[in-house]
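Here are a few exercises to work through with the model open. Try each one yourself before you read the solution.

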Amino acid sequence: MIKAKGVDEVTDADFDAEVLGAELPVLVEFTADWCGPCRQLAPVLSAVAEEEAGRLKVVQIDADTNPATVIKYGVLSMPTLMVFRAGEPVKAMVGARPKRRLLEELADV
């Protein structure tokens with residue numbers, strides 16, 4: 001998995017506790033080793049995690065090794081970004097994007 005610095009990895013096993021049970025809103029990146037755009041997104045996620053620390057939790061989940069969560073949320077392409085608040089998905093975005101655009105899209109979260 002392409003690891004974004006400063007971003008925790010979650011799995012099928014701890015997704016409910018780490019994401020659905022989180023106090024803060026959580027931005028989840030569904031990613032995979034074979035995904036080119038995911039590589040471009042890694043530094044963006046790192047920057048967002050750093051800038052939004054305390055306001056937003058940012059995590060990654062490997063789609064290939066965690067199929068249950070991928071199926072549960074109907075994720076079809078990588079990277080998919082989902083925002084969860086109070087245990088519910090409130091926003092979904094597909095594809096890599098520059099940091100400024102991602103922050104704009106997260107502003108209402």
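**Exercise 1: Around the central valine**

Valine 28 sits across from valine 59 of S3. Keep in mind that this is a predicted model.

Task: work out how strand S2 pairs with S3 and with strand S4.

Solution, step by step:
- Start with S3 (residues 57-62): S2 runs parallel to this strand, with 6 bridges between the two.
- Now turn to S4 (residues 80-85), which pairs with S2 in the antiparallel sense over 5 bridges.
- Check the register on that side too: methionine 82 is the bridge partner of valine 28 in S4.
- Finish with the connection: S2, helix H2 (residues 36-51) and S3 form a β-α-β unit, and its hand is right.

**Exercise 2: Inside or outside?**

Task: decide whether the residues of S2 are buried or exposed.

Solution, step by step:
- Sort the side chains by direction: Val26, Val28 and Phe30 point one way, while Leu27, Glu29 and Thr31 point the other way.
- Apply the cut-off for buried, which is under 20% relative accessible area.
- Both sets pass, Glu29 and Thr31 included.
- So 6 of the 6 residues of S2 (residues 26-31) are buried, and the strand is largely enclosed by the rest of the structure.

**Exercise 3: The disulfide**

Task: find which cysteines form a disulfide, and describe the link.

Solution, step by step:
- Look for sulfur atoms within 2.5 Å of each other.
- Cysteine 35 and cysteine 38 qualify, with their sulfur atoms 2.1 Å apart, and the count is 1 disulfide.
- Read the torsion about the S-S bond: 90°, which makes this a right-handed link.
- Check the cover: cysteine 35 and cysteine 38 are both buried.

**Exercise 4: A residue of H2**

Task: say what arginine 39 in helix H2 touches beyond its sequence neighbours.

Solution, step by step:
- Set aside residues within four places in sequence; Ile2 and Asp33 are then in contact with arginine 39.
- Go to the start of the chain: the C-alpha atom of methionine 1 is 9.4 Å from that of arginine 39, though they are 38 residues apart along the chain.
- Add the exposure: at 47% relative accessible area, arginine 39 is partly exposed.

**Exercise 5: The whole chain**

Task: what radius of gyration does the chain have, and how does that fit a compact globule?

Solution, step by step:
- Count the elements: 4 helices and 5 strands, in the order β-α-β-α-β-α-β-β-α.
- For 109 residues, a compact globule would come out near 13 Å; the chain has 12 Å, so the two agree.
- Buried residues account for 48% of the chain.

Notes:
Residues are numbered from 1 along each chain as its sequence is written. This is a predicted model: local features need pLDDT of at least 70, side-chain atom pairs count only at pLDDT 80 or more; totals for chains, interfaces and linings use all residues. Side-chain values use heavy atoms; hydrogens and water are left out. Buried means under 20% relative accessible area, exposed over 50%, partly exposed in between (1.4 Å probe, protein chains only). Two strands pair if DSSP finds at least two bridges between them. A crossover is right-handed if, with the strands pointing away from the viewer, the path from the first strand over the helix to the second runs clockwise. Contact means heavy atoms within 4.5 Å. The radius of gyration is taken over C-alpha atoms; the globule rule is 2.2 Å times the number of residues to the power 0.38.
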